[in-house]
Amino acid sequence: AVVSTQSTGLSLMSAGLQSVAADLQQQIKQLLDELKEEHRLNPQKRVKQKERSKVTFTPPTRGSLKAPSRDLHLPAMSNLTKKNSSQAYFLRILKVVIVVREEAIKSIQAAKDGEKENNKEEEEGEEGEKGESSQK
C-alpha cells in the first residue's frame, strides 16, 4: 500500500515536472533568442546602451589581472532568476521527487528483505519438522 501511494505520488509529481519543464523550456528559448538578438546588434565587445537591455561595463581595478567584464541583463533573465520562477519551482519539485524515489527504493528493498527472511524461516521450520518426523 505504501509503495502504491509512493508510486502514485511520483507519477503526479512527474506530470507536474513535465509541465513546469515545458514552461522553463520556453523561458530558456526566449532568453536564447534575446541573446542572439543582442549578439546580432552588438557583435563586438563595445558597450552600447539599448532600450531592451542594460549592459554594465566594469573596468579592472588597479593590481587586478582580470580583464574588464560586461554584465548583460536581458528581460528574459528576470523570469529565470525570480524567487518564484519556474526554474526554482522545477528544482524544488525535482528534489522532492528524488527523496520520494529513494524512499520508495528503500521500501521495496525492505519488502524484498522481509520476504527473504520469511522464506528462510519457513525453510528452517520445514527442515526442523522433517528432522523430527525422521527421528520418530
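This dialogue walks through the features of a predicted model.

Biologist: Where do I start? What does the secondary structure of the chain come to?

Modeller: Remember that the model is predicted. Begin with the elements. The chain comes to 3 helices and 2 strands. Read from the N terminus, the order is α-β-β-α-α. Helix H1 covers 2-41 and strand S1 covers 54-58. Helix H3 takes in residues 86-135.

Biologist: What share of the residues in the chain is buried?

Modeller: Buried means under 20% relative accessible area. By that cut-off, 15% of the 136 residues are buried.

Biologist: Show me one case. Is Asn42 buried or exposed?

Modeller: Asn42 is buried, because its relative accessibility is 5%. Now place it. Asn42 sits in the loop that links helix H1 to strand S1. Its side chain also has a partner. A polar contact of 2.7 Å joins it to the side chain of Glu38.

Biologist: Next, salt bridges. How many does the structure hold?

Modeller: First the general idea. Side chains of opposite charge can pair when their charged atoms come close. In this structure there are 3 salt bridges.

Biologist: Which residue forms a salt bridge with Asp33?

Modeller: Lys29 does, and the closest N and O atoms are 3.2 Å apart. Both residues lie in helix H1. They are 4 residues apart, about one turn of the helix. Check the accessibility too. Asp33 is partly exposed at 37%. Lys29 is partly exposed as well, at 45%.

Biologist: Which residue meets Arg40 in a salt bridge?

Modeller: Glu37. The N to O distance between the side chains of Arg40 and Glu37 is 2.7 Å.

Biologist: Why are Arg40 and Glu37 separated by about one helical turn?

Modeller: Because they are 3 residues apart in helix H1. Accessibility separates the partners. Arg40 counts as exposed, because its relative accessibility is 55%. Glu37 has 26% and counts as partly exposed. The cut-off for exposed is over 50%.

Biologist: And what does Lys106 form with Glu103?

Modeller: A salt bridge, with the closest N and O atoms 3.7 Å apart. This pair belongs to helix H3. The residues are 3 apart there, so about one helical turn separates them. Lys106 is exposed, with a relative accessible area of 53%. Glu103 is partly exposed, with 37%.

Biologist: Now charge on the surface. Which residues gather in a patch of negative charge?

Modeller: A patch excludes residues that have a salt bridge. Here the members are Asp113, Glu117, Glu121, Glu122, Glu123 and Glu124. Take Glu117 as an example. Glu117 is found in helix H3. Its relative accessible area is 42%, so it is partly exposed.

Biologist: Which residues form a nonpolar patch on the surface?

Modeller: Leu91, Leu94 and Ile98. Together they have about 230 Å² of accessible area. Patch members need over 30% relative accessible area. Leu91 has 42%, so it counts as partly exposed. Its place is in helix H3.

Biologist: How do I read contacts between distant parts of the sequence? What separates the C-alpha atoms of Ala88 and Leu24?

Modeller: Put two numbers side by side. Ala88 and Leu24 are 64 residues apart along the chain. Their C-alpha atoms are separated by 9.8 Å. Ala88 lies in helix H3.

Biologist: Is Ala88 buried or partly exposed?

Modeller: Partly exposed, because its relative accessibility is 21%. The buried class is under 20%.

Biologist: Let me recap helix H3. Leu91 is placed there, and so is Glu117. The Lys106 and Glu103 pair is there too.

Modeller: Right. Add Ala88, which also lies in helix H3. For helix H1, keep two pairs in mind. One is Asp33 with Lys29. Another is Arg40 with Glu37.

Methods
Residues numbered from 1 in each chain as written. Predicted model: local features only at pLDDT ≥ 70, side-chain atom pairs only at ≥ 80, totals over all residues. Heavy atoms only, no water. Buried < 20%, exposed > 50% of the residue type's maximum accessible area, 1.4 Å probe, protein only. Polar contact = N/O pair within 3.5 Å; in protein donor to acceptor, adjacent residues only side chain to side chain. Patch = residues over 30% accessible without salt bridge, like charges linked within 9 Å, V, L, I, M, F, W, Y side chains within 5 Å. Areas by Shrake-Rupley, 256 points an atom, 1.4 Å probe, with all protein chains shown as cover. Salt bridge = Lys/Arg side-chain N within 4 Å of Asp/Glu carboxyl O. Lys, Arg positive; Asp, Glu negative; His and termini not counted. Charge placed at Lys NZ, Arg CZ, Asp CG, Glu CD.
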